[in-house]
Structure formats: structure tokens, C-alpha cells
Amino acid sequence: MEHIGSGKVREIFEVDDQQLVLFTSDRLSAFDVVMHQPIPDKGRVLTGLSAFWFNQTTDIVPNHLISCDPNDFPEEIPSDWVGRAMLVQRCVPLKIECIVRGYLFGHAWIEYDKSGTVNGATFPAGLREAQQLGEPIFTPSTKAEEGHDQALTYEDAIAIVGESTYKQVADISIE
């Protein structure tokens with residue numbers, strides 16, 4: 001298999017023109033920085049969590065997961081990848097990260113505290129940090145290859161993925 005990409009914690013390998021293998025390492029990434037000290041078995045935990053949620057949400061939206069069963073993997077997958085690897089369909093990734101918030105926290109709080117907005121949208125005055133929102137909100141960001149992801153306004157996000165795709169992913173994300 002050819003190694004075709006690296007993320008902060010995942011490695012991507014090409015099986016063929018239709019399938020990839022995603023391998024999840026034990027690297028720790030916090031605030032978009034990869035730490036020097038890995039966490040033992042973190043890759044197994046992340047792979048298990050990902051598989052769980054992909055299976056839980058298949059009635060909402062199809063996903064790329066084919067299998068986490070080593071019996072379905074190509075022969076060249078090392079045995080120590082069991083529990084860390086996923087066989088997936090090749091697909092075109094969105095160039096935005098889909099984030100749903102139920103609470104005013106993190107980057108959303110920082111923006112709100114400065115300007116009264118979240119992802120450029122005006123919110124009521126007087127909200128407090130970590131306050132539960134009346135309903136979940138969709139707050140997309142960039143999917144940065146390096147450095148920090150940046151919050152996107154509605155207009156910025158549709159400029160990247162188009163209005164139809166934006167509406168579709170926002171609705172699916174909230175669901």
C-alpha cells in the first residue's frame with residue numbers, strides 16, 4: 001500500500017482507486033499542536049469511538065466506513081494495526097469542518113465575548129461562558145492542514161462548499 005497522507009494523528013494509505021486504509025496513531029494533538037509524548041493505545045480508542053459513531057449515525061447519513069474487521073483488510077496490513085485501522089471508501093473530503101455546539105464555549109465564547117457574534121452571526125446580549133444555548137447551532141470552521149482551524153461565517157462557508165452543500169451538511173450535522 002502506498003502512504004498518501006498524514007494528519008495530526010492519522011495516516012492514510014491507498015489500497016486501490018476505491019478504498020483507503022486509515023491508521024490511527026497514538027500521537028496526541030491538542031490545540032492543533034502534535035505533542036512529543038504519545039498516549040499508549042490512544043489510536044485504538046479513537047478508532048473504536050469513530051467506528052461506534054459511524055455505525056450509530058448510518059440512518060442519518062451514509063459514511064465511508066467499510067470495515068474495522070482485520071479479516072476484511074488487505075494482506076499487507078501489519079497485525080499490530082488491528083484495532084487502529086479502518087478500511088474506508090475513497091471519497092472527496094469537505095473543505096470545512098462541521099461543528100455543532102450546544103454550549104457557548106471555546107472559540108465561540110471568545111468571539112461572542114469580543115463582538116456579540118458567533119461565526120459572524122449576532123447573538124443576544126448577556127450570555128455567559130459555557131451557557132447552554134436554546135438549541136444546537138452549526139458553527140463550521142476551516143479544516144486546516146497545518147495550524148489552527150478558523151471559524152467561518154455563513155458566507156465564507158458557502159464560498160468554499162456552495163450553498164446547497166452547506167445546507168445539507170448543516171442539517172445533517174444538527175440531526
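Leaving aside its neighbours within four places in sequence, which residues is N119 in contact with? Keep that question in mind while you look over the whole chain, remembering that this is a predicted model.

Begin with the full view, where the chain shows four helices and 13 strands, and where the C-alpha atoms fill a box of roughly 60 × 40 × 25 Å along the principal axes. Of the 175 residues, 31% count as buried, and the accessible surface comes to about 11100 Å², with 54% of that surface belonging to carbon and sulfur atoms.

Next, select N119, which you will find in the loop between β10 (117-118) and β11 (121-122). Its relative accessible area is 11%, so N119 counts as buried, since buried means under 20%. Now show its surroundings to answer the opening question: beyond those sequence neighbours, N119 is in contact with E111, T139, P140, A151, L152, T153 and Y154.

Then move to the aromatic rings, for which a search of the whole structure finds six pairs. Select F13 and W81, a tilted pair whose centres are 5.1 Å apart and whose planes meet at 50°. Because F13 lies in strand β2 and W81 in the loop between β6 and β7, this pair ties together parts that are 68 residues apart in sequence.

Keep W81 selected and add F23: the ring centres of F23 and W81 are 4.5 Å apart with their planes at 35°, so this pair is tilted. Here F23 belongs to strand β3 (residues 19-24), and the two partners are 58 residues apart. Finally, display F13, F23 and W81 together, as they form one aromatic cluster.

Notes
Residues numbered from 1 in each chain as written. Predicted model: local features only at pLDDT ≥ 70, side-chain atom pairs only at ≥ 80, totals over all residues. Heavy atoms only, no water. Helix = DSSP H or I, 4+ residues; strand = E, 2+ residues; numbered from the N terminus. Buried < 20%, exposed > 50% of the residue type's maximum accessible area, 1.4 Å probe, protein only. Areas by Shrake-Rupley, 256 points an atom, 1.4 Å probe, with all protein chains shown as cover. Contact = heavy atoms within 4.5 Å. Phe/Tyr/Trp six-rings, centres within 6.5 Å; stacked < 30°, edge-to-face > 60°.
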